[in-house]
Amino acid sequence: MRLRPWTKTLYFLAILPVLVGVLFPFAVMLSTSLKSPEEISGYGETRYSLIPRDVEPSNFIGCFKAMDLGQCFLNSLIVAVGATLLNMLCAIPAAYALSRLSFPGKTGALFTILVTQMFSPIVLVLALFAQ
């Protein structure tokens, strides 16, 4: 189905307020992170400006030093890579066995995988916290 140019324009105009509403908080967050503390507080100013007068990259440097974010990122990377490798170490042989080999219970295992994929993961997690 091919849309007429004016229909595309109407779709864009309908989506534009949603797009602005979603992206505006990110713009404010980025703008605030690049401002000096005095400019953030707005002391002595009557107007709020989204564009900072002076860009302060030292805010990011101070955050990295104060919170030791470099070490936190490294820890997260190690955990993510380790979990991915361990998952692949288990999943690849299982996928090969389910696709190529014939064994008792194969249909039941495939059915169980299919059923669990049909549910939202949060529903499956709820069972862990049920008493």
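Okay, so reading along the sequence, this protein goes α-α-α-α-α-α. The tally is 6 helices and 0 strands, where both are DSSP runs numbered from the N terminus, helices being H or I with at least four residues and strands E with at least two.

Before I go on, a word on the source. This is a predicted model, where local features need pLDDT of at least 70, side-chain atom pairs count only at pLDDT 80 or more, and totals for chains, interfaces and linings use all residues. Numbering runs from 1 along each chain as its sequence is written, and side-chain values use heavy atoms, with hydrogens and water left out.

Now, the overall shape. The radius of gyration is 26 Å, well over the 14 Å from the globule rule for 131 residues, so the protein is more spread out than a compact globule. That radius is taken over C-alpha atoms, and the rule is 2.2 Å times the number of residues to the power 0.38. Along the principal axes, the C-alpha trace spans about 75 × 55 × 35 Å.

How much of the protein is buried? Just the number: 6% of the 131 residues, with buried meaning under 20% relative accessible area, exposed over 50%, and partly exposed in between, for a 1.4 Å probe and protein chains only. As for contacts (heavy atoms within 4.5 Å), take those between residues at least 6 apart in sequence: 13% of them join residues at least 24 apart.

Let me zoom in on a few residues. D54 sits in the loop between α2 (37–41) and α3. Setting aside neighbours within four places in sequence, D54 touches L34, K35 and E39. Compare D54 with L110: they are 56 residues apart in sequence, and 59 Å apart in space, C-alpha to C-alpha.

Moving along, D68 is in the loop between α3 (58–67) and α4 (69–100). Its phi is near 55°, a positive value in a residue other than glycine. At 44% relative accessibility, D68 counts as partly exposed.

Last up, the rings. There is 1 aromatic pair in the structure, and F64 and F73 make it: 5.9 Å centre to centre, 50° between the planes, which makes it tilted. The cut-offs, for Phe, Tyr and Trp (its six-membered ring): centres within 6.5 Å, stacked under 30 degrees, edge-to-face over 60, tilted for the rest. F64 is also partly exposed, at 40% relative accessibility.
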